[in-house]
Amino acid sequence: MMLVNSTPESLLTKSVPIVVAGAIFGTVYGQVNGLVILGFSAGAFVSLLLTLFYAGVLKQKFLSHVINIALFGTFGLLSSSLHSAIFYVILSIAFVWFIFWVTEAKYRANLLPYLSSSQVAWHYLFRLICGAIFLFLITPILVVLPLSFNAQDFFTFTPEMLRFEPEGYSLKHYRDFLGLRVDSNGEWLRAFQNSLIIAPLATLISVTFGTLAAIGLSQSHVPMRRAIMAILISPMIVPLIISATGMFFFYSDMGNFLEETVGINKNAVGYIKVVLAHAVLGIPFVIITVTATLVGFDRSLTRASANLGANSITTFFRVQMPLILPGVISGGLFAFITSFDEVVVVMFIGSAGQKTLPWQMFLGLREQISPTILAVATILVVLSIALLSTVELLRRRSERLRGMSPS
Amino acid sequence: MLDYSEKYSMEVADGTPLKKSLARSLRKEKLRALALIAPLLIFVLVTFVLPIGTMLTRSIDNSIVEEILPRTVLALEDWNEKGDELPNEMVFRSFVEDFQDAIADKNHTKIGSRLNYEVSGMSSLFRKSARKVKKWDLTDNAPIKQKLIEVNKAWGDVETWAVIKTHSVALTNGYFLNAVDMQRTPFGAQAQPENKQVLVKLFIRTLKMSLIITGMCILLGYPVAWLLANLSNRTSNLLLILVLLPFWTSLLVRTSAWKVMLQNQGVINDLLVWIGLITEGSRLEIINNQFGTIVAMTHILLPFMILPMYSVMKTIPPSYLRAAKSLGATNWTAFWRVYFPQSVPGIGAGSILVFILAIGYYITPEIVGGTDGIFISNRIAYHISSSLNWGLASALGAILLGVVLLLYWVYDKIVGIDNVKLG
Amino acid sequence: MNLSKFLVTTTALTLSAGIASSQDMTIVSWGGAYSKSQLKAYHEPYSEKTGVNIINDDSSAEAVAKLRAMNEANNVTWDVVDVVAADAMRLCDEGLALEIDHDTQLAPAPDGTSASEDFGELIVSDCFIPQIVYSTTFGYRTDLVGDTAPTSVCAVFDLENYPGKRSLEKRPINNMEWALLCDGVAKDEVYNVLETSEGQDRALAKLDTIKDSVVWWSAGADTPQLLADGEVIMGSTYNGRLFSVIEEQKQPVAMLWDAQVFDLDGWIIPAGLSAERQKRALDYIYFATDTQRLADQAKYISYGPARASSAPLVGKHADLGIDMAPHMPTDPNNAKNTFLYNYEFWADYRDDIDAKFQAWLAQ
């Protein structure tokens with residue numbers, strides 16, 4: 001620290017970023033109220049003043065926070081309303097934190113001490129860029145969440161919603177999904193149920209066969225390896241609409257055979273067809289992920305296990321499987337999502353009894369705009385957060401098993 | 001002179017020569033590998049490759065004309081379709097015989113629809129004429145030619161017969177020609193009239209847009225993947241959820257969300273107006289055009305780029321970069337000469353995934369693409385589900401598949417398909 | 001003992017499965033509010049009367065392609081399919097739909113008028129059993145179009161008086177006709193002009209004048225959403241969708257009935273059903289297309305019944321309690337200036353003009 005601060009900067013120089021931020025905020029605020037120049041100068045002046053006071057005079061974080069929250073909160077209350085005050089309290093916390101972060105050079109705390117200031121600037125600029133990209137990734141989902149509570153039947157932020165009035169919001173789309181509304185007939189839940197039957201079964205098939213094949217492919221002497229790989233990956237590269245039509249013929253023949261010759265009931269045959277079709281679509285993902293995991297697999301472990309007298313099945317389940325499990329799981333997740341989000345093929349191959357969630361969503365979009373699909377999306381987001389957390393826990397467990405220290 | 005290896009041949013415990021034993025174990029290993037692959041390979045071959053292959057043969061199959069109008073096709077063989085003389089009485093008689101048979105089998109409208117893909121008006125010509133021709137009595141050998149022309153004067157056009165003859169071959173290149181904005185004519189392959197040329201343009205646009213989307217994904221994905229790979233596992237897995245969440249949200253929902261965001265009265269425009277960066281009158285046009293398509297598809301495909309990049313970057317030891325720097329390289333040189341080359345397989349894997357997926361998309365472009373954001377897959381879907389011109393759809397699909405396979409091959413040559421990692 | 005028991009059980013199971021499936025009937029429709037109206041007006045009373053279990057399959061949008069594939073695979077699983085008339089015609093041409101003798105296989109009107117006379121010119125194909133008349137027409141935002149509300153379809157092409165976006169369907173059908181109409185072509189000349197290459201260019205040139213102000217839609221639900229958002233000031237869609245926006249959702253939108261294009265939606269029975277299934281399908285059709293049933297459907301959705309004899313029986317909306325007759329596209333007040341979709345013409349020229357239209361869009 002001493003090295004870096006060999007030429008101590010004055011508090012005034014340090015406060016430049018804070019003043020700039022204040023000026024920007026002031027300008028935005030002024031713009032909204034039609035007083036740009038006043039907003040700009042007031043923002044700059046106030047933030048300079050507060051910086052000098054908190055960091056130069058007070059030098060005490062907690063007290064500064066208390067004073068500032070009181071200050072900003074009152075301003076918010078006076079200028080408009082209660083929720084505006086809440087916004088200003090949050091702003092205040094961020095503002096005071098920023099003042100001390102800058103003036104106390106906290107931003108260098110986690111960095112290597114020998115970095116030049118341009119490197120430090122790059123470090124934070126880079127993080128800012130990454131933050132913007134993450135924002136890009138996540139914003140559409142954040143937009144969907146409030147819209148799913150819309151009291152209207154459109155994908156529109158109504159004025160009532162923007163004013164945070166309770167009548168702008170309702171749970172009716174969730175009720176529709178759950179089949180609790182008078183005019184809903186439980187279609188959504190049925191579709192959800194179908195998806196929950198089809199996707200795991202399809203995943204199970206693609207993961208089982210895919211993992212076996214990937215292990216086979218990773219052996220050193222496989223004839224025509226590339227051609228086989230190309231065939232196994234092909235379901236990913238054929239345009240879906242062509243796959244759908246092509247597969248239709250095969251599956252209706254197979255369906256006929258199963259119904260008439262084998263005598264399986266029609267509904268079950270319908271599920272079998274969709275499950276198999278989705279399994280094929282998921283296979284490329286399993287193959288790719290599991291092969292990738294096996295590239296780093298230490299072959300001597302299986303030999304050691306064989307040496308110790310285990311047969312190949314025991315070796316597979318007790319030695320190999322736990323180690324490649326992360327790859328298998330991640331491939332399985334890709335396969336699951338492929339089936340869970342697939343709409344083109346299921347519309348061709350499935351019939352009414354196998355209507356899945358994406359199919360129902362597609363109808364929802366085409367036949368009647370209904371935010372029910374947003375309610376579903378919200379529920380799914382919550383579910384997938386739970387799922388991802390589980391995966392993360394599994395991953396940590398597998399790391400422990402492999403003897404790596406959890407980092 | 002004795003062979004060295006024979007003289008000193010090594011033997012394994014049971015007395016078989018080592019070479020033989022090794023070969024046997026190699027064969028065994030090969031068989032075991034194949035036995036592991038076989039179930040899946042057969043499954044994919046039977047339920048996917050074969051049906052798709054059969055589907056694609058429709059792009060050259062044209063047996064319908066010969067099947068429904070066998071006598072006509074035979075009789076037309078001697079007629080010169082390039083001249084301006086009508087076929088003779090014999091052709092007309094054969095045609096009416098075929099036509100009556102077709103009406104009895106209810107096949108006549110099928111052939112009308114088939115020929116209507118080539119020349120507009122054939123569909124109703126066959127449908128309308130059938131009502132009269134059905135009742136004709138052919139046993140009296142009265143001249144037919146004039147009678148048929150009286151039913152509809154189109155039968156007196158040389159063009160009508162030329163179309164039948166041109167498309168009477170059992171295997172045709174006609175669909176592929178149509179797929180590249182050309183047509184099969186009596187005078188060989190010719191370009192379609194200019195105001196009907198759209199498919200080549202769509203192919204080029206699809207490729208161009210997919211490239212741009214891939215490029216955008218690389219640009220946005222690289223920094224994120226780098227950050228994820230260089231943070232501690234706990235933090236990076238937390239951030240990884242941000243990458244995966246959109247991935248888990250239905251494609252339809254995400255596309256709708258982008259519509260809500262980008263439209264004229266949408267979230268972004270509203271926000272910009274509220275901040276005051278733009279005025280109410282100058283709202284940005286950022287949807288229903290290529291920009292909207294690129295934004296939405298980049299968002300949808302970005303995880304497919306980030307995940308493979310991330311898994312490759314994870315394997316690059318950070319010490320390389322430090323070593324380069326300590327040897328005097330600047331930040332940029334160290335990155336560009338040491339780190340970047342090692343991350344290329346990740347970029348390659350992500351790019352091929354994103355590109356292949358982008359090229360086949362049609363739901364997103366349909367919803368946010370407006371007029372100039374449509375892809376070739378939209379046309380394939382149209383011909384499959386609306387116009388029923390499956391021959392053309394298969395030809396378009398075959399070309400698209402060919403392009404993808406070519407890219408796959410190139411990719412395999414340059415990077416190697418084994419390097420595709422998904423996380 | 002065990003074996004025979006097993007055999008008996010399986011036979012019983014198979015038999016019961018057989019009976020169950022012979023009591024099932026799969027009816028294909030569009031989904032959404034439309035399927036609901038059919039459920040209330042046709043399926044529920046029919047099931048009650050006959051005990052047949054009706055399964056709804058919302059696949060009408062893919063019906064043409066799927067029926068063809070089913071037919072080729074010899075595995076037709078649908079019994080009755082709801083399609084628009086143009087698709088019915090295509091299916092009939094391809095031999096995928098059953099030809100119907102309308103007079104013997106459909107119910108006569110209550111006063112004894114034969115079915116073919118009752119449906120009149122709406123029987124556009126031998127395979128087609130008309131059900132409803134709907135129209136593609138324009139709705140506009142009452143608060144965004146300025147002081148003078150549009151009264152003519154040509155307001156769509158009038159950027160000067162009605163500046164702002166408008167939404168049109170992403171296909172040539174209807175748009176080409178409207179363009180020619182507003183380019184000064186007389187109504188009964190439209191298809192003669194559109195048959196020629198020059199006429200097609202002329203229509204596209206007219207559309208070109210508003211190309212930059214058009215938002216193109218492909219799903220029927222798009223225009224209602226665009227109108228509700230204020231994204232467009234006017235847009236074309238099916239009249240039932242506009243009814244729902246105006247009366248059910250209470251949005252500031254009004255109908256522009258001028259030059260509405262009548263189109264038909266109805267049933268077909270797939271070709272290649274077993275005699276027994278065909279008989280059942282025909283029995284359902286006989287029931288579901290009689291005068292009273294068609295009038296009943298109008299209680300749930302604002303589409304006009306296809307029979308002339310049903311019109312006087314149209315009552316009030318089941319939930320809203322408003323009179324439905326004035327909301328029918330066929331109501332004399334709304335039908336002052338109408339078009340009937342020209343099926344023959346579009347069957348011939350659809351692919352050709354569609355290629356040109358797409359080329360024009362892509363420019």
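Student: At which residue does α2(C) bend, and by about how many degrees?
Tutor: The model is predicted. Helix α2 of chain C covers residues 32-50. The bend in α2(C) is about 45°, and the residue is Leu39(C).

Student: What end-to-end span should the 19 residues of α2(C) have, and how far apart are the end C-alpha atoms?
Tutor: The expected span is 1.5 Å times one less than the number of residues. For the 19 residues of α2(C) this gives 27 Å, which agrees with the distance between the end C-alpha atoms, 25 Å.

Student: Which elements cover the buried residues of α2(C)?
Tutor: The buried residues of α2(C) include Tyr34(C), Gln38(C), Tyr42(C) and His43(C). Their cover includes one element of chain A, α16 (357-367). From chain C it includes β2 (53-57), α12 (275-288) and α13 (291-297).

Student: Which residue follows α2(C), and what is the sign of its phi?
Tutor: The residue after α2(C) is Gly51(C). Its phi is near 80°, so the sign follows directly: positive.

Student: Which residue of β7(C) stands opposite Gly139(C), and which is the bridge partner of Ser167(C)?
Tutor: Strand β4 (residues 129-141) of chain C runs antiparallel to β7(C), with five bridges. Strand β5 (residues 166-169) of chain C pairs with β7(C) in the parallel sense, over two bridges. Gly139(C) stands opposite Gly235(C), and the bridge partner of Ser167(C) is Gly235(C).

Student: How many of the five residues of β7(C) are buried?
Tutor: Strand β7(C) spans residues 234-238 and is mostly covered. A residue is buried if 20 or more other C-beta atoms lie within 10 Å of its own. In β7(C) the number of buried residues is five.

Student: Which element gives the most to the side of chain C that touches chain B?
Tutor: In chain C, 26 residues are in contact with 33 residues of chain B. Elements that each supply at least two residues to this side of chain C are α3 (63-72), α4 (85-93), β6 (214-217) and α14 (343-362). With 12 residues, the one that gives the most is α14(C).

Student: How do the residues on that side of chain C divide by type?
Tutor: The side of chain C that touches chain B holds both nonpolar and charged residues. The division is 10 nonpolar, four polar and 12 charged.

Student: Which residues touch the most other members of the largest nonpolar core?
Tutor: This core has 276 residues. One of the residues asked for, Ala88(C), touches Phe128(C) and Ile268(C), among others. The full set is Val345(A), Leu301(B), Ala88(C), Leu91(C) and Ile268(C).

Methods
Residues are numbered from 1 along each chain as its sequence is written. Chains are lettered from A and ligands numbered from 1 in the order in which they are written. This is a predicted model: local features need pLDDT of at least 70, side-chain atom pairs count only at pLDDT 80 or more; totals for chains, interfaces and linings use all residues. A residue is buried if 20 or more other C-beta atoms lie within 10 Å of its own, exposed if 12 or fewer, and partly exposed in between; C-beta atoms are placed from the backbone. Helices (H or I, at least four residues) and strands (E, at least two) are DSSP runs, numbered from the N terminus. Two strands pair if DSSP finds at least two bridges between them. The bend at a residue is the angle between axes fitted to the seven residues ending there and the seven starting there. Two residues are in contact if their C-beta atoms, placed from the backbone, lie within 7 Å. Ala, Val, Leu, Ile, Met, Phe, Trp, Tyr, Cys and Pro count as nonpolar, Asp, Glu, Lys and Arg as charged, and the others, Gly among them, as polar. A nonpolar core is a set of buried Ala, Val, Leu, Ile, Met, Phe, Trp, Tyr and Cys residues joined through C-beta atoms within 7 Å. Lists of a residue's contacts leave out its neighbours within four places in sequence.
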